[in-house]
Amino acid sequence: MSGGGCSIVWFRRDLRVEDNPALAAGVRAGAVIAVFIWAPEEEGHYYPGRVSRWWLKQSLAHLDSSLKSLGTTLVTKRSTDSVSSLIEIVKSTGATQLFFNHLYDPISLVRDHRAKELLTDYGIAVRSFNADLLYEPWEVNDDQGRPFITFSDFWDKCLSMPYDPAAPMLPPKRITSGDVSRCPSDVLVFEDESEKGSNALLARAWSPGWSNADKALTTFINGPLIEYSVNRRKADSATTSFLSPHLHFGEVSVRKVFHLVRIKQVVWGNEGNTAGEESVNLFLKSIGLREYSRYLSFNHPYSHERPLLGHLKFFPWVVDEGYFKAWRQGRTGYPLVDAGMRELWATGWLHDRIRVVVSSFFVKVLQLPWRWGMKYFWDTLLDADLESDALGWQYISGTLPDGREFDRIDNPQQLEGYKFDPNGEYVRRWLPELARLPTEWVHHPWNTPESVLQAAGVELGSNYPLPIVEIDAAKARLQEALSEMWQQEAAWRAAIENGTDEGLGESMESAPIAFPRDIQMEIDPEPARNNNAPATMVRHHGDQRVPSMTSSFLRVEEEEPSVDLRNSAEDSRAEVPTNMNLGQEPRREESNQGGLQTVRNNNNLRQFDTFGLQNTDYSTAESSSSTRERDGGVVPVWSPAASSFSEQLVGEENSLGSGSSYLQRHPQSHQIINWRRLSQTGARSWEMENTVEPNAIG
DNA sequence: CTGTACTTCCT
DNA sequence: GGAAGTACA
């Protein structure tokens, strides 16, 4: 096809040969050059952590061996600029086409757009595909064609779309290899000497690689899935799917997961197995959250570093590295939290429930800035995933429209972990110093009788800490912090109205809470795990300001773009994109909603009506055309204004004019994205459609 | 069977 | 905090 040149299939987080649309397209087009480019510097702060790099290394080796058995090989390149490397590969191989699968994190959106532009200019036919999601983010909209702002609405829609997700494709039977004789692979280094020892242990517990992922999926669906709803609340149960690292690297297709799970659902539905059906719904929901994380990232590319809602803009986060360190080391004095943090450090894994516990503790009790916790998760989790983790932390922090109240420490008794760890086995496993405490006391040593402690060999404050913060103190401090936040907010508004402080919004925007320097390097309680970061890692933290140790209540804002609150939204709201979906060709298969729950929840927006702002001028939001004529069709174009639906929200909610207005509760919600920084990267509009033909651009 | 107090979970 | 479920009069 296309003149007979070979195609580059650019692998990224789609390390599988099965149900890989980019690979399938390459195979269909003729000879294939399979490429992986390792350019971690492109990730900025989010240089992958040790365990994540370990996984990637294994997964790539696995993919390479699969490709070899199919007739080709994986070309690997070390790079600081993926797009330049692609052009080099084009030059050295004579490839005429490039295929890849979509990613939705902000860095990839920019980079992939640039890849498309530059390579198209170079005369290369570029096509990209959906391999990571059931539906592309722009396919899932409400009745007015606007993106959803709550998960439940989003997920209800996904489960009731008029067409099913694409059916998974089989792996190619054979791949014709392109000529790579003049395109040598670089040896990719994913771990340094100091990391090898720790990494060796990982191989005992995990088997990266797409066919292992497939086995894990089958095992889960035929086994633990049916018990999922019952067992999911046990901290150390082996009944989670353990698919998340596989899914992160795209070793298994989420569409295959979805299809196989729905088959089970139909079977169990016919059998009247309600427990099984409930399990399926819950498990699919966790798949849905992963979908939603991409959806949010696509619609709000800064959701990994900025709260989606602005109402915590003035919250005085506790910038205290001592707290942060205690949390990381599992020395907070709360056994369940500490057990979780030690498990995370030791294994790179944490049960979802425990993730909620430790992150909720981090935000609500310690009141540390959530981005620190998110960064630590990024550095340590085997399944570290920017979009999913951003969603999780924003949810915990109460900065999502459908999240929880911020001003409550929910279920403080869950910190006495009898719900997730009723017999204390989990705590005893990870906190040997508490192993001899009776179950009755193992979750709350702080009020355990002295005689019991002595008998168990526990000396509080010595071999196990007293609670770093008492729950009651944390509640009180939370209230103080909130009133301080409201004062700051009021002062800020007053200053703006007086015109005396125009610069504040700007300065806040440019002063996010810096990560503490080198957080990976000082964590380790055990020298054997010392994580001597390679030079590249250090560099990413080198330019960070270190938070002051002396001012634990230093007020540091989560940044927001400057918002001029004086003008009414109706006067100046941006043009509303209307036809994002026109170019889509919905698949025509008959929709099968067999038994899937489509109960519609109420939106249940939170009552955070503290600012009382109603007139908000989102003048910083740029307007941009959301569609482009192309090949006789209109295709959706990712562009800042098109994906930022703040202006639509303003329009709709203000026109409702009711006391339950969304924006009355969340006056600055969804005004979160500083598009200037995006445009600095050179992206004005990013094609995400999958049918760009050569020379169609420009 | 309906009303109501109580519990659980919430992305 | 509130919806949705549960137990019981």
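This passage describes the protein surface near DNA strand B and the helix H14 that contributes to it, as seen in a predicted model.

In the model, DNA strand B is surrounded by Phe 151, Arg 232, Arg 233, Lys 285, Leu 289, Asp 352, Arg 353, Val 356, Tyr 395, Asp 402 and Lys 419. Of the atoms of DNA strand B that come within 4 Å of the protein, 61% belong to sugar and phosphate. Sorted by class, the surface near the strand holds seven charged and four nonpolar residues, with no polar residues. Two of the charged side chains can be described by distance: a polar side-chain atom of Lys 285 lies 2.6 Å from a phosphate oxygen of DNA strand B, whereas a polar side-chain atom of Arg 353 lies 3.1 Å from a base oxygen of that strand.

Helix H11 (274-299) and helix H14 (352-365) each supply at least two residues of this surface, and the largest share, three residues, comes from H14. The length of H14 agrees with expectation, because its 14 residues, at 1.5 Å a residue, should span 20 Å and its end C-alpha atoms are 19 Å apart.

H14 is also mostly covered, since twelve of its 14 residues are buried; among them are Val 356, Phe 361, Phe 362 and Lys 364. The buried residues of this helix pack against helix H12 (321-329), helix H13 (335-347), helix H15 (370-380), helix H16 (386-397), helix H17 (425-430) and helix H20 (471-498). Val 356 is thus listed both among the residues that surround DNA strand B and among the buried residues of H14. H14 is followed by Gln 367, which has a positive phi, near 55°.

Note on methods
Residues numbered from 1 in each chain as written. Chains lettered and ligands numbered in written order. Predicted model: local features only at pLDDT ≥ 70, side-chain atom pairs only at ≥ 80, totals over all residues. Heavy atoms only, no water. Near = heavy atom within 4 Å. Polar contact = N/O pair within 3.5 Å; in protein donor to acceptor, adjacent residues only side chain to side chain. Helix = DSSP H or I, 4+ residues; strand = E, 2+ residues; numbered from the N terminus. Nonpolar A, V, L, I, M, F, W, Y, C, P; charged D, E, K, R; others polar. Expected span 1.5 Å × (residues − 1). Buried < 20%, exposed > 50% of the residue type's maximum accessible area, 1.4 Å probe, protein only. Contact = heavy atoms within 4.5 Å.
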